[in-house]
Amino acid sequence: ARRAAVVGGAAGGIGRQHQPGFFEALLGSDQDRLRFVSRSHLSVELAQDGSGSLILTSLSLNPVCVDGTRLDQGAKAQAGLGSVIDFLVEGPTAQDRPWTIFMRLQLEPVDAALAGAPVRQGVQVQDGGR
């Protein structure tokens with residue numbers, strides 16, 4: 001499984017800009033699907049309720065699902081360790097309109113070696129096998 005660090009806070013995020021090379025490595029030469037992963041797809045903030053969970057905000061026109069709930073641009077979802085983020089792609093024709101999952105990521109505890117430095121808050125994403 002491939003992993004990439006995601007650190008919460010003001011600069012925390014998930015997308016091609018935040019994990020350089022990660023999505024390209026996962027999707028390889030599939031440029032059609034890579035275009036559905038925005039440079040800054042989701043912002044990541046630590047929830048203020050003290051639960052240790054994260055607030056994910058969709059920054060992209062390309063929808064994602066967090067634990068089965070679809071997020072369109074501007075929508076928020078609470079997530080925690082083990083939460084699943086599904087990236088969606090729309091079918092090429094009107095008959096195929098429903099969005100389908102083309103990549104699944106899972107949040108897991110951050111590996112300090114992967115993050116490159118001690119991290120107070122953060123998670124890492126792991127290719128969920130899609």
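**Close-up A. Ser58 in strand 4 of the predicted model**. Ser58 belongs to strand 4. Its relative accessible area is 1%, so Ser58 counts as buried, the cut-off being under 20%. Beyond its neighbours within four places in sequence, Ser58 contacts His41 and Leu42. Ser58 also touches Leu71, Asp72, Gln73, Gly74 and Ala75.

**Close-up B. Strand 3 against strand 4**. The two strands run antiparallel and are joined by five bridges. Ser43 has Thr57 as its bridge partner in strand 4. Glu45 is bridged to Ile55, also of strand 4. Strands of a sheet pair through backbone hydrogen bonds, either parallel or antiparallel.

**Close-up C. Strand 2 against strand 3**. Two bridges link this antiparallel pair. Ile14 stands opposite Leu42 of strand 3. Leu42 is also among the contacts of Ser58.

**Close-up D. The open sheet of four strands**. The strand order is 2-3-4-7, with antiparallel pairing. Strand 2 (13-14) and strand 7 are the edges. Each has a single partner strand, so one side of each lacks a neighbour in the sheet.

**Close-up E. The largest nonpolar core**. This core holds 24 residues. Phe23, Ile85, Phe87, Phe102, Met103 and Leu105 touch the most other members. Helix 1 (22-27) gives two or more residues to the core. So do strand 3 (42-46), strand 4 (54-58), strand 5 (64-66), strand 7 (76-79), strand 8 (84-90) and strand 9 (99-109). In soluble globular proteins, nonpolar side chains tend to be buried together.

Key. Residues numbered from 1 in each chain as written. Predicted model: local features only at pLDDT ≥ 70, side-chain atom pairs only at ≥ 80, totals over all residues. Heavy atoms only, no water. Core = buried A, V, L, I, M, F, W, Y, C linked by side-chain atoms within 4.5 Å. Buried < 20%, exposed > 50% of the residue type's maximum accessible area, 1.4 Å probe, protein only. Pairing = 2+ DSSP bridges. Contact = heavy atoms within 4.5 Å.
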